[in-house]
Amino acid sequence: MLDFNFSEFITNNKLILDGKKLSNYRISGIRKESVEIKRCIMENMVFENDFEGDVVFIEECTFINCKFFDVFKREELLLLIMNNTFRNCIFENVSYHGYIQQSEVVDSEFLNCVFKNIEIKGDISFINLNIQKSSVTSIYYEGNQILGNEFVDVSINDSIFKGAAIQNRIEKVYFRGVKLIGYNQDNEFIDSNTDGFIFIEEF
């Protein structure tokens with residue numbers, strides 16, 4: 001797999017990809033202050049970066065058969081992932097630690113995706129996501145809100161979620177070794193196996 005040369009898309013230490021269609025590349029080594037990816041179609045791509053900048057903004061993109069191994073390690077980082085579609089994607093060994101900015105993953109769809117060995121800690125919320133036919137294994141989430149999401153035909157294994165879970169629709173979800181620690185309000189469980197789900201109230 002070839003490394004994507006993004007040098008021509010850099011202006012004033014900002015990487016901007018807008019309206020691009022890319023396939024069969026690896027994107028790695030991004031060290032810019034700001035990254036914006038908008039209205040792009042990415043297929044069979046590998047993302048492997050240690051982000052050290054101020055902003056990562058991804059909006060209105062479609063990712064198909066992509067793999068993500070990214071690390072967001074700057075506490076001041078603002079991460080905004082909005083109105084995207086992910087199909088048959090793998091997220092593995094991804095980590096986010098951000099405590100200064102209010103980051104969000106919002107209004108996006110994940111279909112047939114795999115999430116494995118992920119650590120998310122900081123001022124971040126997941127809002128209005130549609131996650132279907134996916135698997136989640138070994139996730140540690142310590143953030144703000146998991147709000148208004150829809151989980152359908154998902155397996156969640158050996159994971160811990162700390163925060164407020166509010167008004168989520170959870171249909172045909174299999175839990176094994178899962179803990180929710182924090183606030184649990186108006187979540188709807190439909191045809192789900194909750195034997196492996198434990199809620200611990202904590203404010």
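In which loop is Asp-70 found? Asp-70 lies in the loop between β12 (67-68) and β13 (71-72), where strands, like helices, are DSSP runs numbered from the N terminus (E, at least two residues, for strands; H or I, at least four, for helices).

The structure described here is a predicted model, in which local features need pLDDT of at least 70 and side-chain atom pairs count only at pLDDT 80 or more, while totals for chains, interfaces and linings use all residues. Residues are numbered from 1 along each chain as its sequence is written, and side-chain values use heavy atoms, with hydrogens and water left out.

**The protein as a whole**

The protein has 25 strands and 0 helices. Its C-alpha atoms fill a box of roughly 50 × 30 × 25 Å along the principal axes. The radius of gyration is 17 Å, which agrees with the value near 17 Å for a compact globule of 203 residues; this radius is taken over C-alpha atoms, and the globule rule is 2.2 Å times the number of residues to the power 0.38. Of the 203 residues, 47% count as buried, a class that means under 20% relative accessible area, with exposed meaning over 50% and partly exposed lying in between (1.4 Å probe, protein chains only). Among contacts between residues at least 6 apart in sequence, 17% join residues at least 24 apart, a contact being heavy atoms within 4.5 Å. The accessible surface comes to about 10000 Å², of which 45% belongs to carbon and sulfur atoms.

**Two residues with side-chain polar contacts**

Asp-70 is buried, with a relative accessible area of 7%, and its side chain reaches the backbone nitrogen of Glu-48 at 3.4 Å. Such a polar contact is a pair of N or O atoms within 3.5 Å; within protein, one must be able to donate a hydrogen and the other to accept it, and residues adjacent in sequence count only if both atoms are side-chain atoms. Leaving aside residues up to four places away in sequence, Asp-70 touches Phe-47, Glu-48, Asn-49, Phe-51, Asn-93, Val-94 and Ser-95.

Ser-159, in strand β22 (residues 150-166), counts as buried because its relative accessibility is 0%. A polar atom of the Ser-159 side chain lies 3.0 Å from the backbone nitrogen of Ile-139. Beyond four places in sequence, the residues that Ser-159 touches include Val-136, Thr-137 and Ser-138, as well as Gly-177, Val-178 and Lys-179.

**A partly exposed strand residue**

Val-55 is in strand β10 (residues 55-59) and is partly exposed, with a relative accessible area of 26%. Val-55 and Glu-36 are 19 residues apart in sequence, and their C-alpha atoms are 8.0 Å apart in space. Among the residues that Val-55 touches, not counting those up to four places away in sequence, are Glu-33, Ser-34, Val-35, Leu-77 and Leu-78.

**Positive phi in two asparagines**

Most residues other than glycine have a negative phi. Asn-65 nevertheless has a positive phi, as does Asn-93, a residue that Asp-70 touches. The table sets out their places and values.

| Residue | Phi | Loop | Relative accessible area |
|---|---|---|---|
| Asn-65 | near 55° | between β11 (62-64) and β12 | 34%, partly exposed |
| Asn-93 | near 55° | between β16 (90-92) and β17 (95-106) | 43%, partly exposed |

Conventions:
Accessible areas come from the Shrake-Rupley method with a 1.4 Å probe; for residues, only the protein chains shown count as cover.
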